[in-house]
Each structure stands twice: as C-alpha cells, then as structure tokens.
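Me: I'd like to learn how to read a model like this one, feature by feature. Could you walk me through it?

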Amino acid sequence: MNDESLINEIQELNLTYLLLAQRMLKSDRASAMFRLKIQDEMAELLLSLSARQLAKLSRTNQLLCRFGYEDAEQLRIVTHQQREQDLCGLHASLLMASRQHNEPDETGN
C-alpha cells in the first residue's frame, strides 16, 4: 500500500468517524459522550460543525479517532481469556469505560 492510498483511507475513516460521532450525539448525547470519551464542550462543537467543516477537518494525514484500550495488556485480557462470548463483550466495555474520558492525549490536548 503506498502512502497516498494510506492517507486517502485515513481521511475517509476520519470523515466516517466524524459523521458517526455527530449521529450518535444527536441520537443520545449522554451515551455518545461516554462512548466517544468527550466532554460537553467538545460534543457541542462537534454538533455545530457543518458538512463542509467536517470534510475539511477529516482531510488530514492523522487519525482523529484513537484506539479505545489504554495498553496492550487490556487488549490481551479481552482477546486471550476463554470467557463466554457475552461476558467478553461486557468485560471489554468495562475496561474501556474505566478509562476517564477527560484524559489528555499524547499531545496534551
């Protein structure tokens, strides 16, 4: 896969993520904020963006969404333990929910 193709896929994923985030926020704001791990101000801003603004924001070479697990151990626990299928999904949700939604990312934002 060449760099241009990879960047195009990142941009497409970004736009899809932003559109999904808006749809989730419009449908059930509290649940969406929890799942997206965002605060009220960010939710309000995402809801206020036009389609043009979303498209512009998505055109970057960096992913706007980030992986839900904090570290490899959490992912290892969810994927390698032999649990009932229903409990595995619940366990994954609990692990991801335990991470505070207002933690700064690597850039301090």
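**Reading the helix packing**

Reply: Happy to. Let's begin with a helix pair: α1 and α2 pack with their axes 6 Å apart, at an angle of about 140°. Their crossing is right-handed. Keep in mind that this is a predicted model.

Me: Which residues of α1 and α2 make the contact?

Reply: On the α1 side they are Y17, A21, M24, L25 and S27, and on the α2 side R29, A32, M33, R35 and L36. By residue class, this contact of α1 with α2 divides into seven nonpolar, one polar and two charged. You can also look at a single member: leaving aside residues up to four places away in sequence, A32 touches M24, L25 and K37.

Me: How should I think about the nonpolar residues, and which ones form the largest nonpolar core?

Reply: The general idea is that nonpolar side chains tend to be buried together in soluble globular proteins. Here the largest nonpolar core has 11 residues: L18, A21, L25, A32, M33, L36, I38, A43, L46, L49 and L54. At least two residues of this core come from each of α1, α2 and α3.

Me: What about Q22, is that residue buried or exposed?

Reply: To judge this, compare the relative accessible area with the cut-off: buried means under 20%. Q22 has 9%, so Q22 is buried. This residue sits in helix α1, which spans residues 3-27. Not counting residues up to four places away in sequence, Q22 touches L46, L47, L49 and L54. Three of these names, L46, L49 and L54, also appear in the core list.

Me: And how do A55 and K56 of α4 compare with those cut-offs?

Reply: Over 50% is exposed, and values between the two cut-offs are partly exposed. A55 has a relative accessible area of 21%, so A55 is partly exposed. K56, at 61%, counts as exposed. Both lie in helix α4.

Me: How far are A55 and K56 from residues distant in sequence?

Reply: A good habit is to set separation along the chain beside separation in space. A55 and T16 are 39 residues apart in sequence, with 9.7 Å between their C-alpha atoms. For K56 and L15 the sequence separation is 41 residues and the C-alpha distance is 9.0 Å. R59 and N14 are a further pair, 45 residues apart along the chain with C-alpha atoms separated by 7.7 Å.

Me: Where does R59 lie, and is R59 buried or exposed?

Reply: R59 is in the loop between α4 (51-58) and α5 (72-80). Its relative accessible area is 54%, so R59 is exposed.

Me: What should I look for in the backbone angles, say at K37?

Reply: Check the sign of phi, since most residues other than glycine have a negative value. K37 has a phi near 60°, which is positive in a residue other than glycine. K37 is placed in the loop between α2 (29-36) and α3 (40-48).

Me: Finally, how many helices and strands does the protein chain have, and what percentage of its residues count as buried?

Reply: There are six helices and zero strands in the protein chain, running α-α-α-α-α-α from the N terminus. Of its 109 residues, 23% count as buried. The accessible surface comes to about 8,300 Å², with 52% belonging to carbon and sulfur atoms. Among contacts between residues at least 6 apart in sequence, 57% join residues at least 24 apart.

Technical notes. Residues numbered from 1 in each chain as written. Predicted model: local features only at pLDDT ≥ 70, side-chain atom pairs only at ≥ 80, totals over all residues. Heavy atoms only, no water. Helix = DSSP H or I, 4+ residues; strand = E, 2+ residues; numbered from the N terminus. Buried < 20%, exposed > 50% of the residue type's maximum accessible area, 1.4 Å probe, protein only. Contact = heavy atoms within 4.5 Å. Areas by Shrake-Rupley, 256 points an atom, 1.4 Å probe, with all protein chains shown as cover. Axes fitted to C-alpha atoms, helices over the stretch in contact; angles between N-to-C directions. Left-handed = near helix turned anticlockwise from the far one by under 90°. Nonpolar A, V, L, I, M, F, W, Y, C, P; charged D, E, K, R; others polar. Core = buried A, V, L, I, M, F, W, Y, C linked by side-chain atoms within 4.5 Å.
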